[in-house]
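Biologist: Got a minute to walk me through this model? I'd like to start with the overall layout and then poke at a few spots.

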Amino acid sequence: MRVPNSVVLPVGTHVDCCREEEVEEKRRDIMAKIEVMLAERKSNLAHFIDNLEGSEEPEFYMDQWERLKEMESCMLTILNLVAVNCTDHHDIKKLEATILEHVKNEEAFPEVIRVLPPIYKQVETAIVDIAQSEEMAVHGMMDLQHLLSKLSQCEHLANLSRELLQDILRYLHRIGLVVWYEEIKHLESTVFLQPTFLITMFKLLVRYQLVQQLECI
């Protein structure tokens, strides 16, 4: 809700745990709740803005007013919910196709045709090679400075700067090729070149009906 012109695709999982008529009922219920949530947000922001504008000395609240007006301008585009059975490969492919179909919509994503500098693709290819190399640890974790050093060994990336690498990592993080938690102090210097390792680890720690499973041990 804080990102301007966000496009949100709600995804409902565990379809295999529901009857067919329940899926449609839950879909309608979720979409209705989203509409109510967005309406409440719009109403609350308008109320806060009116209060500031109606105060005795509104100039003292100019910073708050500007932040609220900025949030008010962050419009959301909510797409129709996609219901999937995560154990069914066909459903996963269906979700993938739906995402690609929406992403190619230039009205929703006007920058989808933006051309990236060639060095982005060069760094992406080099990182894939590093991640698939035999010397890469199974967990796929690598220190940011060490990654920069490895990439700089490539002839065409010898002049790669840390700042440019960080920009490229942000892009690769957004498309899911790597995971880089730059906003977390203890992880800002660590790049996960194997995101699937994190998924496997999270599945061990966070799982459906974990409490019941622990009670059975």
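Biologist: How many Å separate the centres of domain 1 and domain 2?

Modeller: In this predicted model, the two centres are 31 Å apart, taken over C-alpha atoms. The domain assignment puts domain 1 at 7-103 and domain 2 at 118-203.

Biologist: OK, helices next. At what angle do the axes of helix 1 and helix 2 cross?

Modeller: Roughly 155 degrees, and the axes come within 10 Å. Helix 1 covers residues 20-53 and helix 2 covers residues 62-72. Angles over 145 degrees count as roughly antiparallel, so that's what helix 1 is relative to helix 2.

Biologist: And is the crossing left-handed or right-handed?

Modeller: Left-handed, as helix 1 passes helix 2.

Biologist: Which residues make that contact?

Modeller: From helix 1 you get Arg41, Leu45, Ala46, Phe48, Ile49, Leu52 and Glu53. Helix 2 brings Gln64, Trp65, Leu68, Lys69, Met71 and Glu72. Sorted by class, the contact of helix 1 with helix 2 has eight nonpolar residues, one polar and four charged.

Biologist: Switching to domain 2. How do helix 4 and helix 5 pack?

Modeller: Their axes are 10 Å apart, at an angle of about 105 degrees. The range 65 to 115 degrees counts as roughly perpendicular, so helix 4 and helix 5 fall in that class. Helix 5 is residues 144-152, and helix 4 is residues 118-132.

Biologist: Which side chains should I look for there, I mean which residues meet?

Modeller: On helix 4, look for Val123, Ala126, Ile127 and Ile130. They meet Leu147, Lys150 and Leu151 of helix 5. That contact of helix 4 with helix 5 divides into six nonpolar residues, no polar ones and one charged.

Biologist: What about helix 4 and helix 6, what's the packing angle?

Modeller: About 75 degrees, with the axes 10 Å apart; helix 6 is residues 162-174. That makes helix 4 roughly perpendicular to helix 6.

Biologist: Who's in that contact between helix 4 and helix 6?

Modeller: Helix 4 puts in Ile119, Tyr120, Val123, Glu124 and Ile127. Across from them in helix 6 are Leu164, Leu165, Asp167, Ile168, Leu169, Tyr171 and Leu172. The tally for helix 4 with helix 6 is ten nonpolar, no polar and two charged.

Biologist: Glutamate 124 caught my eye. Is it buried or exposed?

Modeller: Buried: glutamate 124 has a relative accessible area of 15%, and the cut-off for buried is under 20%.

Biologist: What is glutamate 124 in contact with?

Modeller: Leaving aside neighbours within four places in sequence, glutamate 124 is in contact with Tyr171, Leu172 and Leu177.

Biologist: New topic, backbone. What's phi at histidine 14?

Modeller: Near 60 degrees, so a positive value in a residue other than glycine. Most residues other than glycine have a negative phi.

Biologist: Where does histidine 14 lie?

Modeller: In the loop between strand 2 (11-12) and helix 1. Histidine 14 is partly exposed, with a relative accessible area of 38%.

Biologist: Last one: where is methionine 201?

Modeller: Methionine 201 is in helix 7, residues 195-205. At 31% relative accessibility, methionine 201 counts as partly exposed.

Biologist: And what separates methionine 201 from leucine 148?

Modeller: Along the chain, methionine 201 and leucine 148 are 53 residues apart, and their C-alpha atoms are separated by 26 Å.

Note on methods. Residues are numbered from 1 along each chain as its sequence is written. This is a predicted model: local features need pLDDT of at least 70, side-chain atom pairs count only at pLDDT 80 or more; totals for chains, interfaces and linings use all residues. Side-chain values use heavy atoms; hydrogens and water are left out. Axes are lines fitted to C-alpha atoms, for helices over the stretch in contact, and angles run from 0 to 180 degrees between N-to-C directions. Helices (H or I, at least four residues) and strands (E, at least two) are DSSP runs, numbered from the N terminus. Angles under 35 degrees count as roughly parallel, over 145 as roughly antiparallel, 65 to 115 as roughly perpendicular and the rest as oblique. A crossing is left-handed if the near helix is turned anticlockwise from the far one by less than a right angle, and right-handed if clockwise. Contact means heavy atoms within 4.5 Å. Ala, Val, Leu, Ile, Met, Phe, Trp, Tyr, Cys and Pro count as nonpolar, Asp, Glu, Lys and Arg as charged, and the others, Gly among them, as polar. Buried means under 20% relative accessible area, exposed over 50%, partly exposed in between (1.4 Å probe, protein chains only). Domain bounds come from an automatic or database domain assignment.
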